[in-house]
Amino acid sequence: MAVVLVVDDVDQVRVLAESILQGMGFQTLSAATVDQALALIRAEPSIELLFTDINLADDVETGLVHPGLELAQQALRLRPQLRVLYTTGASVTDGMKALFVEGSDVLAKPYDINQLSAKVAEMVSGD
């Protein structure tokens, strides 16, 4: 099964997403910040999907407006074949969409088990 990197600064949300994905048979890795996520992407070539929150509060000091968007861009420079699924509890503006990496998608928070399962399965299969 695919390896999914879950990036969310809220511990409970990150752990819940990991639990759901592991229950589907996916292997998971997790990070709370852009720096942690990039370190994992560099170290773990088996990661196939980056599932990241668009707004990571712990990265506010970096000056990034939407750290998850920047993370995806940097991750794809390192791994062009990586698939990206964003998540956010905020409204997605056209300005944000313009920064989405090609082939990515977004899952609105709060999401349920079925929504997350279906979207991740779709992203990993490439449909």
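Biologist: What do Ala17, Ile20 and Leu21 in α1 meet in α5?

Modeller: They meet Ile113, Leu116, Ser117 and Val120. Contact means heavy atoms within 4.5 Å. The residues of this contact divide into six nonpolar, one polar and no charged. Here Ala, Val, Leu, Ile, Met, Phe, Trp, Tyr, Cys and Pro count as nonpolar, Asp, Glu, Lys and Arg as charged, and the others, Gly among them, as polar.

Biologist: What kind of model is this, and how are residues numbered?

Modeller: It is a predicted model: local features need pLDDT of at least 70, side-chain atom pairs count only at pLDDT 80 or more, and totals for chains, interfaces and linings use all residues. Residues are numbered from 1 along each chain as its sequence is written, and side-chain values use heavy atoms, with hydrogens and water left out.

Biologist: What makes a stretch a helix or a strand?

Modeller: Both are DSSP runs, numbered from the N terminus: helices are H or I with at least four residues, strands are E with at least two. Helix α1 covers residues 11–23 and has 13 residues.

Biologist: How do you know what span to expect for α5?

Modeller: The expected span is 1.5 Å times one less than the number of residues. For the 13 residues of α5 that gives 18 Å, and its end C-alpha atoms are 18 Å apart, so the two agree. Helix α3 (67–78) has twelve residues and reaches 17 Å, close to the expected 16 Å.

Biologist: Which residues of α1 are called buried?

Modeller: Arg14, Ala17, Glu18, Ile20 and Leu21 are buried. Buried means under 20% relative accessible area, exposed over 50%, and partly exposed in between, with a 1.4 Å probe and protein chains only.

Biologist: Why do the buried residues of α1 count as one side?

Modeller: They cover an arc of only 165° around the axis, so they sit on the same side of α1. The arc is that of the directions from the helix axis to the C-beta atoms. The face turned away carries the exposed residues Gln12 and Gly23.

Biologist: What describes the packing of α1 and α5?

Modeller: Their angle is about 65°, and their axes are 10 Å apart. Axes are lines fitted to C-alpha atoms, for helices over the stretch in contact, and angles run from 0 to 180 degrees between N-to-C directions.

Biologist: What is the handedness of the crossing where α1 passes α5?

Modeller: It is right-handed. A crossing is right-handed if the near helix is turned clockwise from the far one by less than a right angle, and left-handed if anticlockwise.

Biologist: Is methionine 24 buried, partly exposed or exposed?

Modeller: Its relative accessible area is 26%, so methionine 24 is partly exposed. Methionine 24 lies in the loop between α1 and β2. Leaving aside neighbours within four places in sequence, methionine 24 is in contact with Met1, Ser117 and Ala121.

Biologist: Why is threonine 87 given the class it has?

Modeller: Its relative accessibility is 1%, so threonine 87 counts as buried. Threonine 87 is in strand β4. Not counting residues up to four places away in sequence, threonine 87 touches residues including Phe51, Val106 and Tyr111.

Biologist: What kind of peptide bond joins lysine 109 and proline 110?

Modeller: Omega is about -5°, and the bond is cis. Most peptide bonds are trans. Proline 110 is in the loop between β5 and α5.
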